[in-house]
Amino acid sequence: MTDEELRKQAWDFFQMQAGQRLTTINFYIAISSLLSTGLAASFKTDIDLPHLGIAFGLLLILFSFIFWKLDQRNRDLIQGAEASLKFFESKASLED
């Protein structure tokens, strides 16, 4: 493979991982909003289901942990792609 093909492959990988990170964050915001709404609704005095509030709180903690770990993974992959892009950029500037 040529350097140009490798640079394009690194750029495509970076774009894919960055898009995946944004999609993951948007999905987390949607899920946490729904769970937070359910948790807030469980505090109403006319709803007599205290276990429902506990379940929503535990689910919110669980999903927050899962999405945090996914975000760490995506961030590490993005940093790897950034390192390879920096390599190709420095190599290109040396050739000019």
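Ser42 counts as buried, because its relative accessibility is 10% and the limit for buried is under 20%. The model described here is predicted. In this model, Ser42 sits in the loop between helix H1 (3-41) and helix H2 (50-95). The side chain of Ser42 reaches back to the backbone oxygen of Leu39, at 2.6 Å. Leaving aside residues up to four places away in sequence, Ser42 touches Ile47 and Gly53.

**The whole chain**

The loop that holds Ser42 runs between helix H1 and helix H2, and the protein has two helices and zero strands. The radius of gyration is 21 Å, well over the 12 Å that the globule rule gives for 96 residues, so the protein is more spread out than a compact globule. The C-alpha trace gives the dimensions along the principal axes: about 70 × 20 × 15 Å.

Of the 96 residues, 22% are buried. The protein exposes about 7100 Å², and carbon and sulfur atoms supply 68% of this area. There are 9 positive and 12 negative charges, and the mean positions of the two sets are 5 Å apart. Where contacts join residues at least 6 apart in sequence, 85% of them link residues at least 24 apart.

**Residues in helix H1**

Four residues of helix H1 are described next, beginning with Phe13, Met16, Thr24 and Ser32 in the table.

| Residue | Relative accessible area | Class |
|---|---|---|
| Phe13 | 32% | partly exposed |
| Met16 | 47% | partly exposed |
| Thr24 | 14% | buried |
| Ser32 | 14% | buried |

Phe13 is in helix H1. With residues up to four places away in sequence left out, Phe13 touches Leu77 and Ala81. The C-alpha atoms of Phe13 and Leu35 are separated by 33 Å, with their positions 22 residues apart along the chain. Phe13 has a relative accessibility of 32%, so it counts as partly exposed, a class that lies between the 20% and 50% limits.

Met16 also belongs to helix H1. Its C-alpha atom is separated by 9.1 Å from that of Ile78, although the two residues are 62 residues apart along the chain. Met16 is partly exposed, since its relative accessible area is 47%.

Thr24 has its place in helix H1. A polar atom of the Thr24 side chain lies 2.7 Å from the backbone oxygen of Gln20. Thr24 touches Phe67, Leu70 and Asn74, again not counting residues up to four places away in sequence. The relative accessible area of Thr24 is 14%, and Thr24 is therefore buried, the limit being under 20%.

Ser32 is another residue found in helix H1. The side chain of Ser32 has a polar atom 3.2 Å from the backbone oxygen of Ile29. Ser32 and Ser64 are 32 residues apart along the chain, and their C-alpha atoms are separated by 7.8 Å. Ser32 is buried because its relative accessible area is 14%.

**Side chains and backbone oxygens**

Three of the residues described above have a side chain paired with a backbone oxygen: Ser42 with Leu39 at 2.6 Å, Thr24 with Gln20 at 2.7 Å, and Ser32 with Ile29 at 3.2 Å.

Terms used: Residues are numbered from 1 along each chain as its sequence is written. This is a predicted model: local features need pLDDT of at least 70, side-chain atom pairs count only at pLDDT 80 or more; totals for chains, interfaces and linings use all residues. Side-chain values use heavy atoms; hydrogens and water are left out. The radius of gyration is taken over C-alpha atoms; the globule rule is 2.2 Å times the number of residues to the power 0.38. Buried means under 20% relative accessible area, exposed over 50%, partly exposed in between (1.4 Å probe, protein chains only). Contact means heavy atoms within 4.5 Å. Accessible areas come from the Shrake-Rupley method with a 1.4 Å probe; for residues, only the protein chains shown count as cover. Lys and Arg count as positive and Asp and Glu as negative; His and the chain ends are not counted. The place of a charge is taken as NZ of Lys, CZ of Arg, CG of Asp or CD of Glu. A polar contact is a pair of N or O atoms within 3.5 Å; within protein, one must be able to donate a hydrogen and the other to accept it, and residues adjacent in sequence count only if both atoms are side-chain atoms.
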